[in-house]
Amino acid sequence: PVSVSDEDSSGSYSAGDTLTLNFSTGVVRSNLTINDFVVAGKSLGTGATFKAVDGDDTDTHASTFEITLGTDPSVLASDQIRIDQAKVVDSNGRVAASDIYFALADITPPAIASINAIVAKDVDNNDAYNEGDTLTVSFNEAVNINSLTSDVANVFSLNNGHSLGSD
């Protein structure tokens, strides 16, 4: 799997962002250079670097590597980083059975949907929104609802001094 650190919080892959790639077992570190991490028709950016994050006792094998994107990368979500199988050799000297692929994740943060974004329901039909009424907010992708419901008043803000109330 790949984990991404969007260093500038831009929601897109950009210079300085880091990609952490995890192999299921330690592989020979010296077999790999930044040029072995290939995205077809794309670039990891000028000056992209990589390093082993962990290693064995002899410091010859690692299972986790970190790539720091260089200037003007052109990779996008769902692109795949490919590593030639001949470069991936485990601690027993076995070469990977096929090329290794790592898919890049979507790092664009969720946004409020453009259609039916917020639907209000006046439960008591008093033509005002008050305790017990509901607001349904739709997002353009799945969100972690637990982080929203624990502190709703700080997640959403209202103008003109209005509030969503308190517990």
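Which loop, between which two strands, is serine 9 found in? The legends below get to that, starting with the whole predicted model.

**Figure 1. The whole chain, a predicted model with 2 helices and 8 strands****.** Follow the sequence along and you meet the elements in the pattern β-β-β-β-β-β-β-β-α-α. The chain has 167 residues, and 28% of them count as buried. About 10,500 Å² of the chain is exposed, with carbon and sulfur atoms supplying 49% of that area. As for contacts with a separation of 6 or more, 55% come from residues 24 or more positions apart.

**Figure 2. Close-up of serine 9, in the loop between strands S1 and S2****.** Here's the reply to the opening question: serine 9 sits after strand S1 (2-5) and before strand S2 (18-28), in the loop that joins them. Most residues other than glycine have a negative phi. Serine 9 isn't a glycine, yet its phi is positive, near 55°. Is serine 9 buried or exposed? Its relative accessibility is 63%, so serine 9 counts as exposed, the cut-off for that being over 50%.

**Figure 3. Close-up of asparagine 125, in the loop between strands S7 and S8****.** Strand S7 covers 118-121 and strand S8 covers 134-137, and asparagine 125 lies in the loop between them. What is the sign of phi at asparagine 125? Phi is positive here, about 50°, although asparagine 125 is not a glycine. With a relative accessibility of 63%, asparagine 125 counts as exposed.

Definitions and conventions. Residues numbered from 1 in each chain as written. Predicted model: local features only at pLDDT ≥ 70, side-chain atom pairs only at ≥ 80, totals over all residues. Heavy atoms only, no water. Helix = DSSP H or I, 4+ residues; strand = E, 2+ residues; numbered from the N terminus. Buried < 20%, exposed > 50% of the residue type's maximum accessible area, 1.4 Å probe, protein only. Contact = heavy atoms within 4.5 Å. Areas by Shrake-Rupley, 256 points an atom, 1.4 Å probe, with all protein chains shown as cover.
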